[in-house]
Amino acid sequence: NCRDLRNQRIGMVWVALAGSATNIALALLAALAFHVVDYLPADAAPWVGDNLKNAVLINVVLAIFNMLPIPPLDGGRVAVGLLPRALGAPLARLEPFGMLILIGLLILLPLVGSQFGLNLDVISAILRVSTGFVIQLLLVVTGNA
């Protein structure tokens, strides 16, 4: 019974990781496709290049955002599945309030911070740093750096 519960939690973690892994795979494919841009007609190359840049950026941002350890997001499910039960259970109980938490972190906290002259846009900072790192890594791995 305990083993079944553990296997169920591990399965939940793998399923939760699948979405972000797919986004990273799509970003990797888009980064690899940059090598084809030089062979395109001159009038099509800038358009294709811009779309490939957007594909890399959007997929990396989605992958990272989705892995934030907030329960409605897949990162929250990964955290619940990997944390010991004493820590995972309280985190799982936050799921009904997850959208409110996200709204608070994405909109209300930066808005309140701006009223006091503080930059409390924590999520954007996390995304900016993480996205830059992952994109640079993808460009190095695909030979585009």
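In which helix is Leu105 found? The legends below, drawn from a predicted model, begin with this residue.

**Figure 1. Leu105 in helix H5 of the predicted model.** Leu105 belongs to helix H5, which comprises residues 98-115. With a relative accessibility of 26%, Leu105 is classed as partly exposed, because the partly exposed class lies between the buried limit of 20% and the exposed limit of 50%. Leaving out residues up to four places away in sequence, Leu105 touches Ile70, Pro110 and Ile123. Of these partners, Ile123 is one of the buried residues of helix H6. Val61 is 44 residues from Leu105 in sequence, and the two C-alpha atoms are 16 Å apart in space.

**Figure 2. Ser20 in helix H1.** Helix H1 spans residues 2-37 and includes Ser20. Ser20 counts as buried because its relative accessibility is 6%, where buried means under 20%. When neighbours within four places in sequence are set aside, the residues in contact with Ser20 are Ala63, Asn66 and Met67.

**Figure 3. The buried and exposed faces of helix H6.** Helix H6 consists of 20 residues, 122-141. From its first C-alpha to its last, H6 reaches 29 Å, close to the expected 28 Å at 1.5 Å a residue. The buried residues in H6 are Ile123, Leu127, Thr131, Val134, Ile135 and Leu138. These residues lie on the same side of H6, because the arc they cover around the axis is only 105°. Arg128, Val129 and Phe133 are exposed and sit on the face of H6 turned away from its buried side. The cover over the buried residues of H6 includes H1, helix H2 (45-66) and H5. Just after H6, Gly143 adopts a positive phi of about 75°.

**Figure 4. The largest nonpolar core and the surroundings of Val60.** The largest nonpolar core contains 19 residues. Within this core, Val56 and Val60 have the most contacts. Helices H1, H2 and H6 each contribute at least two residues to the core. Apart from residues up to four places away in sequence, Val60 touches Ala27, Thr131, Val134, Ile135 and Leu138. Among these partners, Thr131, Val134, Ile135 and Leu138 are also listed as buried residues of H6, whereas Ala27 falls within the residue range of H1, 2-37.

Notes
Residues numbered from 1 in each chain as written. Predicted model: local features only at pLDDT ≥ 70, side-chain atom pairs only at ≥ 80, totals over all residues. Heavy atoms only, no water. Helix = DSSP H or I, 4+ residues; strand = E, 2+ residues; numbered from the N terminus. Buried < 20%, exposed > 50% of the residue type's maximum accessible area, 1.4 Å probe, protein only. Contact = heavy atoms within 4.5 Å. Expected span 1.5 Å × (residues − 1). Arc of directions from axis to C-beta. Core = buried A, V, L, I, M, F, W, Y, C linked by side-chain atoms within 4.5 Å.
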